[in-house]
Amino acid sequence: GEDERVLGRRPLLLIGFGVAVIGAVSGPATAWTNNFTVRQIIAAIIGLSLMGLLTVLNYRLLASLAIPVYVLNLALLLLVARFGLTAGGSTRWFEVGPFLLQPSQFAQFFMVLSLATLLRHWEEEMRRLPYLLGTLAVISVPTVLIYKQPDLGTATLIVAIGIAML
């Protein structure tokens, strides 16, 4: 009903509000790549597109991608340590054109997907120590790589996700 229509518009209202605030505080830009408002709009369009894509995907397909996604997650975290952009003493980003890509942000989603699949397969065995330790190892490897960037906030969030899922 009417509540669903209002709730459906809320993310768009928040995005619009965010764009308006960024536009109000960022000042004039010399090129579109320096224009934070345009960059925010582009990021919102990409995010909404990905959200729409994920809603139409069969979740079983996502589950079948859990191992490749986990390996991709580790590869990105290792690559950013070697080839990433360093700013403020932290090496966390890849430069992709005018944008910065932070693999540790993807690690949060990848961890949920990987752990959900793992815990589904090991549901009955999770009371046994080797399976619990294996699960903790799955959580620990990306956490350590993120912590070494250093990014304590995201590393802590990955641990919290793991604990909540356990």
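Thr154 is found in helix α7, which covers residues 152-165, in a model that is predicted. Is Thr154 buried or exposed? Because its relative accessibility is 7%, and buried means under 20% relative accessible area, Thr154 counts as buried. When its neighbours within four places in sequence are left aside, Thr154 is in contact with Ser104, Gln105, Gln108 and Ile146.

Ahead of helix α7 comes a loop that begins after α6 (129-147), and Pro150 is found in this loop between α6 and α7. The peptide bond that joins Gln149 and Pro150 is cis, with an omega of about -15°.

**The chain as a whole**

Seen from the N terminus on, the elements of the chain run α-α-α-α-β-β-β-α-α-α, and the count comes to 7 helices and 3 strands. The C-alpha trace spans about 60 × 50 × 25 Å along its principal axes. Of the 166 residues of the chain, 28% count as buried, and Thr154, described above, is a residue that counts as buried too. Among contacts in the chain with a separation of 6 or more, 55% are accounted for by residues 24 or more positions apart.

The chain exposes about 11,000 Å², and carbon and sulfur atoms supply 69% of that area. As for charge, the chain has 11 positive and 8 negative side chains, and the centres of these two sets lie 7 Å apart.

**The sheet**

In what order do the 3 strands of the open sheet lie? They are arranged as β1-β2-β3, and the pairing is antiparallel. The edge strands are β1 and β3, each of which pairs on one side only, while the twist averages 50° from one strand to the next. In a regular strand the side chains alternate between the two faces of the sheet.

Strand β2, made up of residues 90-96, is mostly covered, since 5 of its 7 residues are buried. Strand β1 (residues 85-87) is joined to β2 by 3 bridges, and the two run antiparallel. On the other pairing, β2 and strand β3 (residues 99-101) are matched in the antiparallel sense, again over 3 bridges.

Individual partners can be named for both pairings. Ala87 has Ser90 of β2 as its bridge partner, Phe94 has Leu101 of β3 as its bridge partner, and Glu95 stands opposite Leu100 in β3.

Which residues in the turns of the two hairpins have a positive phi? The table below sets out the answer for each hairpin.

| Hairpin | Residues between the strands | Turn residue with positive phi | Phi |
|---|---|---|---|
| β1 and β2 | 2 residues | Gly88 | about 65° |
| β2 and β3 | 2 residues | Gly97 | about 60° |

Strand β2 therefore takes part in both hairpins, where Gly88 lies in the turn that follows β1 and Gly97 lies in the turn between β2 and β3.

Technical notes:
Residues numbered from 1 in each chain as written. Predicted model: local features only at pLDDT ≥ 70, side-chain atom pairs only at ≥ 80, totals over all residues. Heavy atoms only, no water. Buried < 20%, exposed > 50% of the residue type's maximum accessible area, 1.4 Å probe, protein only. Helix = DSSP H or I, 4+ residues; strand = E, 2+ residues; numbered from the N terminus. Pairing = 2+ DSSP bridges. Contact = heavy atoms within 4.5 Å. Areas by Shrake-Rupley, 256 points an atom, 1.4 Å probe, with all protein chains shown as cover. Lys, Arg positive; Asp, Glu negative; His and termini not counted. Charge placed at Lys NZ, Arg CZ, Asp CG, Glu CD. Axes fitted to C-alpha atoms, helices over the stretch in contact; angles between N-to-C directions.
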